[in-house]
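Welcome! Open your viewer, and let us walk through this structure one selection at a time.

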Amino acid sequence: MSATTFGWLVLAFPLAGTVINSLGWRVLPGRLPGWIASSAIFLAFLSSIGALIKLQDHPAEERHLVDSLWTYASTADFHVDLAILIDPLSVFMCLVVSGVSFLIHVYSVAYMTSDRGYSRYFAYLNYFVFSMLLLVLAANFVILIIGWAFVGAASYLLISFWYRRTTAVEAGIKAFVINVIGDVGLVIGAFLILDKTGSLDFLQVFSQVDQTFTRNDGTLVAACLLLLVGAFAKSAQLPLHTWLPDAMEGPTPVSALIHAATMVTAGVYLIARMFPLFEQAPAAADVGAIIGCATLLFAGTVALVVTDLKRVIAYSTISQIGYMVMGVSAAAYSAGLFHLMTHAFFKALLFMGAGSVIGAMAGIQDMDRMGGFRRAMPFTFVTFTIGALALAGFPFTSGWFSKDEIIGSLLNRGGLYAVLGVLGYVGAFMTAVYAFRMVFRVFQGEQAPEARELEGGHMAHGDPVNPMTGEPEDTDVGFPGPEHHIAERDWPMKAAMGPLALLAIVGGYIAIPGVDNVLEKFLEPTFADSRFADTHPSTGAEWIGLVIGGVISITGIGLAWWVYIREPGTAARLRERFPRAHNFLSHKWYFDELYDAVFVRPATTIGAFCRRVVEADFVQGTIVGGATGIVRVGTSFARSIQTGYLRAYALLLLLGVAGLTLYFLLNSS
Amino acid sequence: MDITWYLVLSAFIFAIGVAGVISRRNPLVVLLCLELMLNAGNLALVAFARMHGSEAGQVFALIVMVIAACEVVIGLGIIVAMYRNRLPIDIDEMSELRG
C-alpha cells in the first residue's frame, strides 16, 4: 500500500468508530463502545506508522504526496479536490494526534464507566479525532476549513457533554462562538489568498507565493493576520483565550485530549503549515511571535493564583501554546512542533492525574480543599510529578529539551526575537513555580478528609452537585451517574498514564543538541524551502541555554517548595500583603469582565431592543401587519362575491359569456 | 324559409330558459329550464346545418342531447338525494358555500 492509502485509512478508522458507536448506542453492552473507539484510534495510529514508513521510502525531495478521492467542487478555472497531503509534517501530526488520543481513549474507557452517555461520549471522541486528522491531512484550504470547523463542533459537543449542567452548556456556547470568530478569520484569509494566487491547493499556493507577492505585501500580511486570528481562536491565544479555561467543564479526558494535547495545537500546526506565506510576510509573523510571548506571560501569571486544579492546567496549556506559537512564528518550526509533541505527552498526563484526583475528591476541583494525596494515590502522585517535572522543564525531561530549543532559536535570531526569548525564560520560571504549586498543594501537606478515606480503601461519594456552582444536579440524563468517582483504581487508567509518564521523560531524547535531532531531520523535507532552514544555534549555545533553563526550572521548583512546604503560610501572607495584585490575577486580568462589558452586554441590549422594538413594531407591526392587511381586504372582497346562491353564479356566468360575446362581436366588425 | 326565424325562435327559448334558471327556486324547474337552453342551442345548430347543407351541425346536436341526458341524470340524482335527506327542495336554502 502506498503512503496515501495509509493516509486515507488514518481517516477511515475513526470515522467508522463514530458511525458504529453512534448507531449502536442502544445495543452495545458495557464497556464495548469504549473498546471499539479505542481500537479504531489504535488502528489509525498503526496506519500513521504505515504512512511514515512508506513516506520514508521516497527520496527527500519527493516527500509531498497528494492524493484526491474525488472532486469536491469544480467551476470555470477553480478546482477543489477532496485531497490529502502526506508529507513529514502531516504524518508527524497524525502520529502525535492518534497516539495520544489512543491513550486518552483507553483512560476514558475506565473514567467514563458509570456515565449514562457512554456510547455517545465515544462517538463524539472518535468524531473529534477524525476531524483533527482531517485538519492535519488536508491538502487545500477547503478541506482544512472543513476539518477546522469539525473540531470546533466536536469541542462544543464534548464541552457541553453533561448537558444538564448550565455551566457546561454556557461554556460550550462560549467556546463555539469564539471558535467561529477564528473560523471567519481563516475563511476570509483563504479568500484573499485565492483571490491573489487563484488556487487553494497548499503546494500550488506555496510554489507561487514568492512570484505573486512582494515582501510584506499588504494583501499577504492581511491574509496572514486573518489566518492568525483563526490560529489564535483555536489555540486560545490572547485576546481570544477566554473560552479555554471555561472549557474545563467537560469531562476530564476531554480536557486532556482536546484542550491540551490536540485541538488547541491546531493553530500551531496552521502557522507551521503556512510557513511560506508567513516568511513572505514577516510583519504578520512578528505579530504572531509577540502575541505568543504576551500570552505565555499572561497565562503564567494567572496560573500562579487560580485555585481550581483543572483551570491551573488550562492556563498552563495557554501558556505552553504561547511558546509554540512564538516558536513557529519565529521560524523555529521543528522546535515549535517538538514542544507541541512533548507538551501533548506531559499535559495529557497532568490532566489524567488531575482527573484521578478529582475523582477521589468526588468532583471537587478546588485545590484549597485538597492535600496529602501522596500516600492515598501513589501511582497518580508519581505520574503527576513526572508530568509536572516535564512541564517545569526539569533537566533531562522532555520539556527541558523542547522549551529551550524554542528559546535557543529565538535568541539565535537576535533583535526583537532575543527579547522574546529572554521573556520566555521569565515564563519558564513561572511555569516551574505553578507546576509545583499544584504538586505540593495536592499531594503534600495536610491530608484532606477524602485522602484519609481513600487510604483506608473507601471512595468518597459526594452528592451530585455542580462543582462550579454547588447546585444540585439531575442525575437521570446528561450527567455522570452516582458511581462516577474513580481514582486510579481501574487498570485502563494506569495503562494510559504509565506510557505517557514514560514519554514525558524520554520524549525529549529524539532531539538532544549535539547528539542527534531526529525530529528536525524528519521534518526537513517540509521546511526545506524555508529561508531560515540553515540558521541553527550552535551546539554550545544550545547547551548553555539548556543549563540556564535547568537552573531556572530548579529555582522555580525551589521557590514553590519554600512557599508551600517550608513556610506554608507564605502564600496567604503574600495575598494579604498585595490584595490588589492578587485580585487582578485571580480575576484573570479581568478579561471576562471586559468582554462582558464590551461585547456580551451590548449584544444582549441590542438583542432586547430588537425584540422589543424592531420585532414587535416593525416586523410584526408594519411588515407582517401590512401584508396580512392587504390580503384581508382582498379576500373580504372575494368572499362577498361568493354568496352561495346558485342563481347568482348562473347570472354571473351568463353576464361573463355575454360580455365576451359582445367584445368579440364588436371587435370583429 | 329564412334562417332568421329559426334563430329568433331559438333566442326566445334560450331567454326563457335563462329567466327560469335565474328566477325559479325549485331545482326541478331549474333543470327543466336548463334543458330549454340546451334545446335552444340544438335548434340553432340544426338550423345552421340545414342552411349550410352539411351534417356537422346535426352531429353536434346529437352530442348535446347526450350531454343533456347525462346532466339530467346527475341533476335528478342530486334532487333525489336532497329529498332523501329531508332537505328543503329549494336551491336558495342550499347556500352553505357562501364565502
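Start by selecting helix 10 of chain A, residues 252-261, which is mostly covered: 10 of its 10 residues are buried. Helices here are DSSP runs of H or I with at least four residues, strands are runs of E with at least two, and both are numbered from the N terminus. A residue is called buried if 20 or more other C-beta atoms lie within 10 Å of its own, exposed if 12 or fewer do, and partly exposed in between, with C-beta atoms placed from the backbone. Before you go on, note that this is a predicted model, in which local features need pLDDT of at least 70 and side-chain atom pairs count only at pLDDT 80 or more, while totals for chains, interfaces and linings use all residues. Residues are numbered from 1 along each chain as its sequence is written, and chains are lettered from A and ligands numbered from 1 in the order in which they are written.

Color the buried residues of helix 10 and you will pick out, among them, Thr252(A), Pro253(A), His259(A) and Ala261(A). Which elements cover these buried residues of helix 10 of chain A? The cover includes helix 3 (88-111), helix 4 (118-137), helix 5 (141-159), helix 9 (243-246), helix 14 (309-329) and helix 15 of chain A.

Next, select Ala348(A). Leaving aside neighbours within four places in sequence, Ala348(A) is in contact with Val100(A), Ile104(A), Ala256(A), Ala260(A), Ala261(A) and Leu500(A). Two residues are in contact if their C-beta atoms, placed from the backbone, lie within 7 Å.

Now widen the view to the largest nonpolar core, where Leu133(A) and Ala348(A) touch the most other members out of 217 residues. Helix 15 of chain A, residues 333-360, supplies the largest share of this core, with 18 residues. A nonpolar core is a set of buried Ala, Val, Leu, Ile, Met, Phe, Trp, Tyr and Cys residues joined through C-beta atoms within 7 Å. A second, separate core has 5 residues, including Val21(B), Val30(B), Cys33(B) and Ile91(B).

Return to chain A and select helix 20, residues 491-506, where you will find Pro499(A). Is Pro499(A) buried or partly exposed? Pro499(A) counts as partly exposed because 16 other C-beta atoms lie within 10 Å. Try drawing a distance from Pro499(A) to Val100(A): they are 399 residues apart along the chain, yet their C-alpha atoms are separated by 9.9 Å.

For a change of scenery, select strand 1 (residues 65-75) and strand 2 (residues 78-86) of chain A, which pair in the antiparallel sense over 8 bridges. Strands pair if DSSP finds at least two bridges between them. The two strands form a hairpin with 2 residues between them, and Ser74(A) stands opposite His79(A) in strand 2. Strand 1 is hardly covered, with 1 buried residue among its 11 residues.

Stay at the hairpin and click on Asp77(A), in the loop between strand 1 and strand 2. Asp77(A) counts as exposed because it has 7 C-beta neighbours inside 10 Å. Its C-alpha atom is separated by 8.3 Å from that of Gly198(A), 121 residues away along the chain.

Zoom out to see chain A whole. Its secondary structure comes to 26 helices and 4 strands, and its C-alpha trace spans about 115 × 65 × 55 Å along the principal axes. Buried residues make up 51% of its 669 residues. Chain A is divided into domain 1 (3-509 + 518-586) and domain 2 (592-668), whose C-alpha centres lie 56 Å apart; the domain bounds come from an automatic or database domain assignment.

Last, select chain B, which has 3 helices and 0 strands. Its radius of gyration, taken over C-alpha atoms, is 17 Å, well over the 13 Å that the globule rule gives for 99 residues, so chain B is more spread out than a compact globule. That rule is 2.2 Å times the number of residues to the power 0.38. The C-alpha trace of chain B spans about 50 × 25 × 25 Å along its principal axes, and 11% of its residues count as buried.

Finish where the chains meet: the contact takes 10 residues from chain B and 11 residues from chain A.
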